[in-house]
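Please look at the sequence and the structure below. The report that follows describes three residues and their surroundings.

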Amino acid sequence: MPPPDPGRATVGPEGILRLGPQAWRCALGKGGIRADKREGDGATPVGLLPLRRLLYRADRLAAPACRVPVEPLSPTDGWCDDPADAAYNRRVRLPHPARHEHLWREDALYDLIGVLGWNDDPVVRGRGSAIFLHLARPDLAPTEGCIALPERDLRAALTAGLTAIEVQAG
């Protein structure tokens with residue numbers, strides 16, 4: 001049996017992200033944690049979510065130290081969340097004809113975005129899209145299904161070697 005991955009964090013319904021000896025409060029989806037994640041349900045999916053890469057607003061922040069590839073965002077970056085579109089649950093260039101999220105936002109929530117491996121290998125239409133690790137609102141308000149932390153804590157988790165998050169139902 002291989003040793004546990006030291007970069008694998010865990011989080012459950014209590015909203016505490018644990019990585020080794022460290023723990024941080026985080027926001028989860030307003031729909032709770034669900035094993036049967038569906039598009040638009042507001043839930044954070046149960047499962048092992050590898051951190052694929054990190055996107056960041058280079059005009060606002062320095063690139064974070066982390067173990068995954070890091071790429072700057074541009075104003076034309078988006079993410080398709082339309083299950084009927086061929087680019088569903090993929091990064092797209094804007095303008096994009098199907099329903100999508102803008103990754104270059106006026107607020108700071110997406111100044112750091114960890115792209116989590118949910119419904120991406122392979123993509124199943126309607127199983128949920130745009131599940132990210134991103135910056136939290138100041139009051140840690142629930143997300144639309146993502147995992148969110150304050151910037152200081154997100155940077156600390158990345159510096160500590162975060163490579164995946166295991167979301168547990170409880």
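His134 touches Leu109, Tyr110, Leu112, Thr143, Cys146, Ile147, Ala148, Leu149 and Leu154, not counting residues up to four places away in sequence; contact means heavy atoms within 4.5 Å. The model is predicted, so local features need pLDDT of at least 70 and side-chain atom pairs pLDDT 80 or more, while totals for chains, interfaces and linings use all residues. Residues are numbered from 1 along each chain as its sequence is written, and side-chain values use heavy atoms, without hydrogens and water.

An unreviewed UniProt entry lists His134 and Cys146 under "active site"; such annotations may be inferred rather than shown by experiment. Both His134 and Cys146 belong to the lining of the largest pocket.

Cys146 is in contact with Ala27, Leu28, Gly29, Thr44, Ala130, Ile131, Phe132 and His134, leaving aside neighbours within four places in sequence.

The table gives location and relative accessibility; buried means under 20% relative accessible area, with a 1.4 Å probe and protein chains only.

| Residue | Location | Relative accessibility |
|---|---|---|
| His134 | strand β12 (residues 132-135) | 6%, buried |
| Cys146 | loop between β12 and β13 (147-149) | 5%, buried |
| Asn89 | loop between β8 (77-80) and β9 (91-93) | 4%, buried |

Strands are DSSP runs (E, at least two residues) numbered from the N terminus.

Beyond four places in sequence, Asn89 touches several residues, among them Trp79, Trp118, Asp120 and Ala130. A polar atom of the Asn89 side chain lies 2.9 Å from the backbone nitrogen of Ala130.

Key:
Buried < 20%, exposed > 50% of the residue type's maximum accessible area, 1.4 Å probe, protein only. Polar contact = N/O pair within 3.5 Å; in protein donor to acceptor, adjacent residues only side chain to side chain. 1 Å grid on protein atoms, 1.4 Å probe; cavity = no way out; pocket = protein on both sides within 12 Å on 5 of 7 lines; lining within 4 Å.
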